Structure formats: C-alpha cells, structure tokens
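This report describes the architecture of a protein assembly, moving from whole chains to single residues. Please keep the sequence and the structure in view while reading.

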Amino acid sequence: MKSELTWQEFIITRAIKASGYSAIVFVALIFFFLLREGLPTLGEVPLTTLFSDRWYPIEDYFGILPLITGSLIVTVGAALVAIPFGIGTAIYIAEIAPRWMREILKPLVELLGGLPSVVLGFLGILVFSPWLRVFLDLPTGLTALTGSLLLGGIAVPTVVSVAEDALDTVPRAYREGAWALGATRWQTIWRVTLPAARSGVLTGVMLGVGRAIGETMAVMMVTGNAPVLALTPGSLFSPVRTMTATIAAEMGEVASGSVHYHTLFFIGMMLFLISLAVNVVASAVVFQSKKRAERILS
Amino acid sequence: MNRHLSQRLGFSLLTMVAVFTVVPIIGVIVYIFIQGSPAISWEFLTVAPRAGMREGGILPAIIGTFYLTIGTAIFSVPLGIAAAVYLSEYSADTRWTRLIRLAIINLAGIPSVVYGLFGLGLFVLFLNFGTSILSASLTLSIMTLPVIISTAEEALRAVPQAFRTVSISLGATRWQTIRRIVLPQALPGILTGVILGLERAAGETAPILFTGAAFFLPRLPGSVFDATMALPYHLFVISTQVPEMPIRIQYGTALVLLVFVLGMNLIATVIRSRARARRQW
Amino acid sequence: MVVMNKIVIENLNLQYADGTESLRHINIDIRENAITVLFGPAGGGKSTLLRCLNRLNDLTEVKTVSGRILIDGKDILDPQTDTIVLRRKVGMVFARPVVLPMSIYQNLSYGLELAGEKRSSVLYEAAERSLKLAALWDEVKDRLDDPAIALSGGQQQRLCLARSLAQQPEIILLDEPTSGLDPISTGKVEAALQELKRNYTIILVPHSIQQAARTADYAAFFLQGELVEYGEGSELFTKPKEKRTEDYVTGRFG
C-alpha cells in the first residue's frame, strides 16, 4: 500500500512540475510563431517602405509608421486620463472613503475591469462618439480623442486596483507617525503614504498602460480606422488607426502566406515585444522596491 | 488654517475624481439595461436569427459563448491550478522559478489580438484544426492561464503554513498535505479566480476573430472542429458591419453579454464572501 | 528494571544556511519512559534539537548537520531513513495550538488516514483512546463532529496532544506546549504528561523554569547551542554542578 502511494505521488509530482514550466513553454511558443510568420516581412518589404508613412496594403504600401503613431497617440491620451483618475480614485478609496463605501467601491471598480471591451466600444459608437462630435463640434466623432478617453476608462480599473492595494499595504505606523508629528491627513497622503507606495502605484500605472496598448476592440470601433500619421496634437481630433486595430480589421481578409499576412504578423511581433518590455520594466521596479524594503526592515 | 483649507479642497477634488470614475460605470450598466430590456423576450433568447440577423433571436451566439467558455475551462483550469500548486508548494526561489513568474506576467500582458494571431498561426493553420471551437478554446485558454495561475497561487499561499508543518509532523508526504489540507482550504479562492478568468474569456473578441468565430452559420456547431457564433463577436459585427440593424437588437445582444459576464462576477463574489465567513482559520 | 536509553545523540552539530550556528557538539542520552526537559534562555538551540528528532528540520534552511542521532539504535540522520515512519513514531506538539481546519474527530483520525487506515472502528477507537490520555474525552465526547476551532485554547492544545498520540508514537516532543495557556489548562497538560510518561518517552521544552522544575525527571541546560549540564531533575535545579546553570536557575540572567 505504501509503495503504491509513492508511485502515484511520483507521477502527480512530475505532472505538477511540468505544469509549472508550461508558462515558459507558451511564451516561447508564441514568440516563435510570431517570429516565424513575421520575420519574412523583413525580406519581402524593403525597410524604407516598411517605415514609410503610407499604409495602403491594396496597393502594396506597407508603411507602419501611421499605425505606430496611431497607437502612440491613443495610448498617451489614455494614460493622461487613466493616471490622474486612477491614482486619484485609488487614493480616495484607500485613504478618504469611509469603510462602508470602500466595500462598495472596490467591487464596483473591479466590475468595470471585467466589462467586455466590445460592449464599451459598442456604447462608444452609439452614444459617446456622437455626443463628442456635437460637444466639440467635429466633423466626425470617431477620433483619436474618443479612443483615448474610452481607453483611459478601460485602463482606470487596472490602475485603481493595483494602486489601491499598494496604498493599503503601507503600514499603519507610517501614517500614525506623520499624524503624531502634526501633519494633516492630506499632507500625510502626499508626503508619506503615496511615496511609500510609490512602486506599487507605478506598477499599477504601467499595467494600466500595458492594457491600453493591447486593447483592440474598443479602440477599433471608435477611432475611425484611418491609417494616417498622427504627429500633431491636432491629430487628436481626427481619425487614426492603431496597430491592434489593423491586425483585427485586416487579418480576416488576407491570403495566408502573402506579404500582407506576414506584415500583420510583424506588427503582432512588435506588439509582443512592446508588452514584453513594459512587463520586464514593471517587474524590475517591483523587485527593486522589495529589496529596498527588505533592507529598511531588517 | 491654510493647511486645513487645502486639505478640504484636496479631499473634495479627490472625491469628485472618484465620483467621476465610478458614476460612468454604473451609468453604462444601467443604460444598457434600459435600452436593451425591450429586446429581451423568450423568443430572443431561444431562437436563431432571421433576415440577416435583423430579426429573431441570438440563441446560437449564446450557445457558442457557452461552448467556448467550457472549452476554455477544460484546458486552462487543470493546467493553471497545477502550475499554481507548483509555484506555491514545490518551487524554491531559483532562477528558473523567477523565469516562470516572468513568463506568467508576460502572458498576462500580451494584447488579445496577438493571441488571435498566435492561435491562427498554431492551431488553425499549423496544426490544421481550422477555424473551430477547438482552436478558439485553446487560444482563449492560454490567454486565461496567467489569471488562473496568479489567483490560484495567492489562494494557496493564504493557507497558513502551520497546517503544512503539522501535517508533515504527522507523517504526511507533501502531496498528501496538498491534497488533504491545502487544496481544499484554498478551493474557494481558486474557484473565484477561475470564474473571473473565464468571465474575461467569455467577453473577448479579438482572440476568437480568426480562430473560431463566425457570423452567418446555418446550423449550431456539431463538433469541436466546427466554427461557432459567439456573443462578443456577434455584437461587434451587428454594431459595425450590418446596415439597417435595429438598434433594439444591438442593445439586446449587449445586454445578454453583460448579464452573462456580470452573472459570473456575482457568482464569484458570493463564493468569496461565503468562504470567508465559513473559514476555519 | 533496566533503564534504557531511547535516544542517543552523538556529537550533533547543526548550522543554519545563514551562518548562525545553532547546535554544537551535543552529546546526550534520553531515557525511555521519562520526562526529559530541555531548558535555557532563548536561542539556546532547544527547539532546533527537537526538530532534529523528527527530521522536521528538513523543511527549513539548514545548511549542515553532522553527528548521529540514534533512536532504538538506528541513526535517523541517515539519508536512507524513512522519515514518514519516523514521524509516526515521534509525535510533536507545537507552541501555539494548531488544530487542523476540520472536526475534532477528523483531527484525530488524520494521521491514521494518512497511513492508509480506513476502518472507522479502528479510527474511532484511536480517537477515544487518545482523547482520554490527553484528559479531553469527557469534555468533547458528545461533540466530536464540531469544528476543532470552536474549542478553547487549552482544549485545542490538549487536542493537539491527543492528535499526536493517535498514531501511538513511542516518543513525544513538546515545544513550549503551555506557553499560551492559563494555569488550569497548563495543570491539566502537565498532569496528562505525568500519566503518559509511564508508556512514552517525553521530551519537553518548558516555557518557564518553574515548569521545568515541576515536571523534569531529567533536565538538560542549553546555552547558545551548547549543552552545559545534564542530570536528574531533582539535582539539577537544587544543586547544579556548573556555575552557568546555577546562575540561570537562580535568575541571575535569563
């Protein structure tokens, strides 16, 4: 009986260990496939064309710059919305709201994070962008601005969750120390609590931005899908197209193995690398702060 | 005096910020409920669409989303929980473990449309599964994996270390301890994470765009190798690509998807709070 | 009657991974069917020594262990040792009562079920027997299916004692078992130990020197990883041979 137990346990333990390593396998697999289908682009499309400012695949114009600037302007806009609102709301929930309100607000914000982006994009088309068009007197409501605002709203729950957790984790002793020295709660928040939670808040911001970069549906539905270079602040009020929307919109119509096909995978590869970079930086920040905290506490 | 004044101003400002963030959430949900309820009827939920989706119901989309969610669960839940068990109970702080964690963080951050590309490349084309429930479920599973692993690991770590020590001191092996004490105690937390992960998978459009979703399907899918309709994709197409689409039906579809997702959220929340109340530690 | 040495520790040295040395040149013989008390100020290595006896130190960051620990003549530090069987033979009660998140009955049957015992008659008999030995039977016999967490602190600790007795070990290790308990509960535990010592070898780390003096048949004084003095309880506390022992026992430091 004992030996049967060991034999069963041996297999289970092996299976568990293999599962643990599966994450690495999947990341490698994804990277490999993106590379496999995306690298040929470098051979098929001359670099000058690839980084030109015309994206018009029907006539073999594969310039991805407009797509990059499109993603950039929408993401920056989203960050400008999500950071103040996200951090502000997080501070409110963690430091100012009474206990009972916290119990309601936290799940509510989490709820927003769970709403399918296609639903938000849908409301964006039907409600938000017409309103914006009238409000700002624009020729169309499908602009980079609309996308930014919507994306900002989508990124906010991520920022709030992570930042609020970080603020919550700050030891009570820090706040009490500041109060004992005569600081008001407001001063304590800005001079003691927030700096102490700095790395967690930063992580929240980065994860929120990461979410914004990677968002596809909502942004595709409200930004107008015009692949034009978006370099001036004025571009905010005209249609743009992001990298993610391009893939989603055009992938269904490409012939497998064509140049267009490879280029879309190339864009996908770039998105993968960008999110990889953001995540590596975000986790490095957390790691650094942990080491600092360990030194301080020891 | 100035300090207290600035505190009052500051607090009011932040309160407004919070209100401005939270009210739209409620507004969105309420608005969809109001606009969408007129479309909801028994027919809408149980009948297939007619006249190019402009009439009838959305049953195939509902069933399709249901299939995809189950398919995702089948692949991601066992694998995710096992990986979480490894991280929580077996792994040491080595370079390999840090690499695994980095990989998980990465998987969590990959844009959903890139998952769609990957699914297309690997499952649809390379493995020749075609545009199918199978391809879409596998794609969604890998996307859902990081969420399940993170929440499950947290739930496992929350179980007090003292239980493990006691169990070992009574002559248990590591797996016996996990199976008899750690996993059962962590189960509510794991379940909550699983449901939240599946909720996200149910609402995603981009990963299924080229791997399994279809719009005009004459029949319900008969096997895992068939394509399927799905609520998020259906909503996307009827709101952007079908002319003369009755607004009522669009809102109705959005409402059904919303209820599906919110329903799962509610179940997860209930499980979480009931487990907290019944905890024996 | 020949008094046997149940446990013989030869030249035990133990060092933790962070370099702190915890046990140095420990040589001690533990008598069978008696209460041996390991006492001394904090950091002396007493808990560490206990955890060596059931190889619980395998779970922690121990860097090096050398020496031999012979239980019934067999070295348990030998890598070939079946630690599962060892831990059934050597039971342990911890400082804070840690009841498993199950019913009282399940806490008691847990160990036997691990070993593969499924017959409920055997499990029930074991539960009743160990609860009686721990002087807890009368208090819980009507509510064995209640969650163990519902018991008071003193009852929980006696449940932990019963739990360790359920597998009929030969040796019982107790690491400050009454440190969180009120005097009445403490008294009950000490009384139970006096009964148990007739059939079990008991090693106790007391939480006060008074408890040490009350319960010890044999006593060992540990100071910073070293065994300073070892002898019969009646002598060690009244006429210690070493100056350091005397200083500690009389309260000159602690």
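In what order do the elements of chain B run from the N terminus on? The order is α-α-β-β-α-α-α-α-α-α-α-α-α. Chain B therefore comes to 11 helices and 2 strands, where helices and strands are DSSP runs numbered from the N terminus. The model discussed here is a predicted one.

## Chains A and B

Chain A has 13 helices and 2 strands. The table sets out further values for chains A and B.

| Chain | Box of C-alpha atoms along the principal axes | Buried residues | Contacts with a separation of 6 or more that join residues at least 24 apart |
|---|---|---|---|
| Chain A | roughly 70 × 70 × 35 Å | 47% of the 298 residues | 76% |
| Chain B | about 70 × 70 × 35 Å | 53% of the 281 residues | 76% |

## Where the chains meet

Chains A and B touch each other through 67 residues of chain A and 65 residues of chain B. Which element gives the most to the side of chain A that touches chain B? Helix 1 of chain A, residues 2–38, does so, with 19 residues. Sorted by class, this side of chain A has 43 nonpolar, 20 polar and 4 charged residues.

Chain C also meets chain B: 16 residues of chain C are in contact with 14 residues of chain B. On the chain C side, helix 2 (83–89) and helix 3 (104–114) of chain C are the elements that give two or more residues. This side of chain C has 12 nonpolar, 2 polar and 2 charged residues.

## Two packed helices in chain C

Two packed helices are described by the angle between their axes and the distance between the axes. Helix 3 of chain C packs against helix 4 of chain C, residues 120–133, at an angle of about 115 degrees, and their axes are 9 Å apart. The crossing of helix 3 of chain C past helix 4 of chain C is right-handed. Helix 3 of chain C contributes C:Tyr105, C:Leu108, C:Ser109 and C:Leu112 to the contact, while helix 4 of chain C contributes C:Leu123, C:Ala126, C:Ala127 and C:Ser130. By class, the contact has 6 nonpolar, 2 polar and no charged residues. An α-helix has 3.6 residues a turn, so residues three or four places apart point the same way.

## A kinked helix in chain A

Helix 6 of chain A covers residues 117–136. How far apart are the end C-alpha atoms of this helix of 20 residues? They are only 24 Å apart, short of the 28 Å that a straight helix would reach at 1.5 Å a residue. Helix 6 of chain A also has a kink of about 50 degrees, centred on A:Gly124.

A:Gly124 is itself one of the buried residues of helix 6 of chain A, which also include A:Ser117, A:Leu120, A:Phe122, A:Phe128 and A:Leu132. The cover over the buried residues of this helix comes from chain A and chain B: it includes helix 7 (144–169) and helix 11 (217–222) of chain A, together with helix 1 (2–36), helix 10 (231–240) and helix 11 (247–278) of chain B. Just after helix 6 of chain A, A:Asp137 takes a positive phi of about 55 degrees.

## Two residues of chain B

B:Phe75 lies in helix 3 of chain B, residues 59–90. Is B:Phe75 buried or partly exposed? It counts as partly exposed because it has 18 C-beta neighbours inside 10 Å, whereas a buried residue needs 20 or more. Not counting residues up to four places away in sequence, B:Phe75 touches B:Ser137, B:Leu138 and B:Ser141. Although B:Phe75 and B:Leu138 are 63 residues apart along the chain, their C-alpha atoms are separated by 6.9 Å.

B:Gly109 is found in helix 4 of chain B, residues 95–109. With 23 C-beta neighbours inside 10 Å, B:Gly109 counts as buried. Which residues are in contact with B:Gly109, leaving aside its neighbours within four places in sequence? They are A:Gly210, A:Gly214, A:Ser275, A:Val278 and A:Asn279. B:Gly109 and B:Trp175, by contrast, are 66 residues apart in sequence and 32 Å apart in space, C-alpha to C-alpha.

Notes: Residues numbered from 1 in each chain as written. Chains lettered and ligands numbered in written order. Predicted model: local features only at pLDDT ≥ 70, side-chain atom pairs only at ≥ 80, totals over all residues. Helix = DSSP H or I, 4+ residues; strand = E, 2+ residues; numbered from the N terminus. Buried ≥ 20, exposed ≤ 12 C-beta atoms within 10 Å, placed from the backbone. Contact = placed C-beta atoms within 7 Å. Nonpolar A, V, L, I, M, F, W, Y, C, P; charged D, E, K, R; others polar. Axes fitted to C-alpha atoms, helices over the stretch in contact; angles between N-to-C directions. Left-handed = near helix turned anticlockwise from the far one by under 90°. Expected span 1.5 Å × (residues − 1). Bend = angle between axes of the 7 residues up to and from the residue.
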